[in-house]
Structures are given as C-alpha cells and as structure tokens.
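Good morning, everyone, and thank you for making time for this. I would like to walk through one protein chain with you, going slowly from how its helices meet to how its strands are arranged.

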Amino acid sequence: MFGYLLVIIGSLIMIYGQIKVNSAYKRYERIPNSRGITGAMVAREILDRNGLSDIQIHVVNGKLSDHYNPRNKTINLSREIHDGTSIAALAVASHECGHAIQHLVGYKPLVFRNAILPLCNVGQYLGWIAVFIGLIMGNTSVAWIGVFLMGGILLFQIVTLPVEFDASSRALRILKANYLTTDEYSGAKSMLSAAAFTYVAAMLSTVLSLLRIVLIVIGNDRD
C-alpha cells in the first residue's frame, strides 16, 4: 500500500510541475516584449554574437517542444516561440541558445550528461528486465542489479539539473543586458524558473518510483 502511495505522490508532483510551467507560459505568452522582436530573431542574434553562426534555427511541431540538438547543432523552436514576440518566446529561445553556448564552451555537466545518456537508457530497459526476472525467480541479487541499473536514469536527471539551471542563468543574463526591461526580465525569470521546476519534479518522481521498487525487492527478500 505504501508503494502505491509513493507512485501517487510522484505522479502528483509531475502534474503540479506541468501545471506550473503551463500556467507561467500562458501568462507570459500574452505579454509582448517592448522591442517587438521574435524568439527566432533573438536566438539568431545570440548565436551569432557568441560565434555560433553555423547553428541553424528550425521550426518544430508541438507546444513547448523547443530544444537544442547537439548532434546536428540546431536550435529547434516551436512555432509560437519561433514567431512569437512574447516574453515567454524570448525566454525559451534564449534558454535553448544557452545550451548551445554550453556545448561550445564544453560545459562539463552537459558533456557528462551527453556521455551517460545512452548507458542510462539501456540501463533503465535492462534494469526493468532484471528486476522482473529477479522477483519472478526469487533471486534478489538479480533484482538488486536491476535496481542499480535503473538508478542510472536518476543519475541522468540529477546531472540535468545544473545543465538546465545554467542554461537559464546564461539566458537571463543575456536578456537583461540586451533585450528586456526590468519588468520584462522579471517575467522571463518566472517563466524559466517554472520550467526548471519540471526537471526537479521529474527527479523527485523517479526517486519515489525507485524507492517503491526497492521496497518491493526488500519485501521479496524477506519472504
């Protein structure tokens, strides 16, 4: 029963995180920036100013689907961010440029995160298999190996936190210095803080899910 409670709490944390970021986005997507520039324009200027003129900016489908792709070195912005002139559009576009700058300077947490991502993805998949086999066979050693493998995704999420916080910090410094008024800057900061919380929520949810699995394995070991 306690294990199910952990899953419910984790789900509620995730839901709260999504509500928080969606609420912040809806608020600041209605407020245009005083210079009337679009997210794409800001992104292009930031990239060029930092020696990243080779990075292309693409439009992608979906809401808040914006991301930087380090493999093909592209900034991918959703239509409302790419063409939008809102404070939210500038905040999100600048944040993704922050990731591109991290890539350029070799920001260590980003380098480490990119390096462990394939291992974490495989580890999570194999971990579920190992836990399932271990519990079915009554072999807790195998199950604990699975728990260890699944812990890789938690490591990835922990490393993601400084990567996201740093990208937002870089974006806010640039926006404050070049693009936004004091009031507009406050809105951008609120928007990016809400977005950052979703990563914290994901990590906490993973912690609770892993704890539930640990309790199941411990209970199986006692039996």
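Before we look at any pair of helices, we need one convention, which is that angles of 65 to 115 degrees count as roughly perpendicular, angles under 35 degrees as roughly parallel and angles over 145 degrees as roughly antiparallel. Please also keep in mind that what you see here is a predicted model.

Let me begin with helix 4, residues 87–105, and helix 6, residues 140–178, which pack at an angle of about 115° with their axes 7 Å apart. Helix 4 and helix 6 are therefore roughly perpendicular to each other, and the crossing in which helix 4 passes helix 6 is right-handed. If you want to find this meeting place on the screen, look in helix 4 for residues including Leu90, Ser94, Gly98 and Val105, and in helix 6 for residues including Val163, Asp166, Arg170 and Leu175. Sorted by class, the contact of helix 4 with helix 6 holds nine nonpolar, six polar and three charged residues.

Helix 4 has another contact to show you, this time with helix 2, residues 39–49, and here the angle is about 25° while the axes lie 8 Å apart. With the convention from the start, helix 2 and helix 4 are therefore roughly parallel to each other, and their crossing is right-handed. On the side of helix 2 the contact is made by Gly39, Val42, Ala43, Ile46 and Leu47, and on the side of helix 4 by residues among them Ala89, Ala93, Cys97 and Ile101. How many charged residues does the contact of helix 2 with helix 4 have? There are no charged residues in the contact of helix 2 with helix 4, which divides into 10 nonpolar and two polar.

Next comes helix 5, residues 108–137, whose axis comes within 7 Å of the axis of helix 6, the two crossing at roughly 155°. Helix 5 and helix 6 are therefore roughly antiparallel to each other, and this crossing is left-handed. The residues of the contact of helix 5 with helix 6 divide into 22 nonpolar, eight polar and two charged.

Let us turn to the strands. Three strands form an open sheet in the order 1-3-2, with mixed pairing. Strand 1, residues 56–60, and strand 2, residues 67–69, stand at the edges with a single partner strand each, so one side of each is left without a neighbour in the sheet. Strand 1 pairs with strand 3, residues 74–78, in the parallel sense over five bridges, and Gln56 stands opposite Thr74 in strand 3. Helix 2, which we met a moment ago, lies across strand 1 and strand 3 and runs at about 155° to strand 1.

I would also like to mention what a record says, namely that an unreviewed UniProt entry annotates residues 6–25, 116–136, 142–163 and 196–218 as "transmembrane region". In the model, residues 142–163 are 100% helix, and their end C-alpha atoms lie 33 Å apart. Residues 196–218 are likewise 100% helix, with end C-alpha atoms 34 Å apart.

To step back to the whole chain, the protein has seven helices and three strands, and read along the sequence they follow the pattern α-α-β-β-β-α-α-α-α-α. Taken along the principal axes, the C-alpha atoms fill a box of roughly 65 × 35 × 25 Å.

Key
Residues are numbered from 1 along each chain as its sequence is written. This is a predicted model: local features need pLDDT of at least 70, side-chain atom pairs count only at pLDDT 80 or more; totals for chains, interfaces and linings use all residues. Side-chain values use heavy atoms; hydrogens and water are left out. Axes are lines fitted to C-alpha atoms, for helices over the stretch in contact, and angles run from 0 to 180 degrees between N-to-C directions. Helices (H or I, at least four residues) and strands (E, at least two) are DSSP runs, numbered from the N terminus. A crossing is left-handed if the near helix is turned anticlockwise from the far one by less than a right angle, and right-handed if clockwise. Contact means heavy atoms within 4.5 Å. Ala, Val, Leu, Ile, Met, Phe, Trp, Tyr, Cys and Pro count as nonpolar, Asp, Glu, Lys and Arg as charged, and the others, Gly among them, as polar. UniProt positions are given in the numbering used here, feature names are shortened, and annotations may be inferred rather than shown by experiment. Two strands pair if DSSP finds at least two bridges between them.
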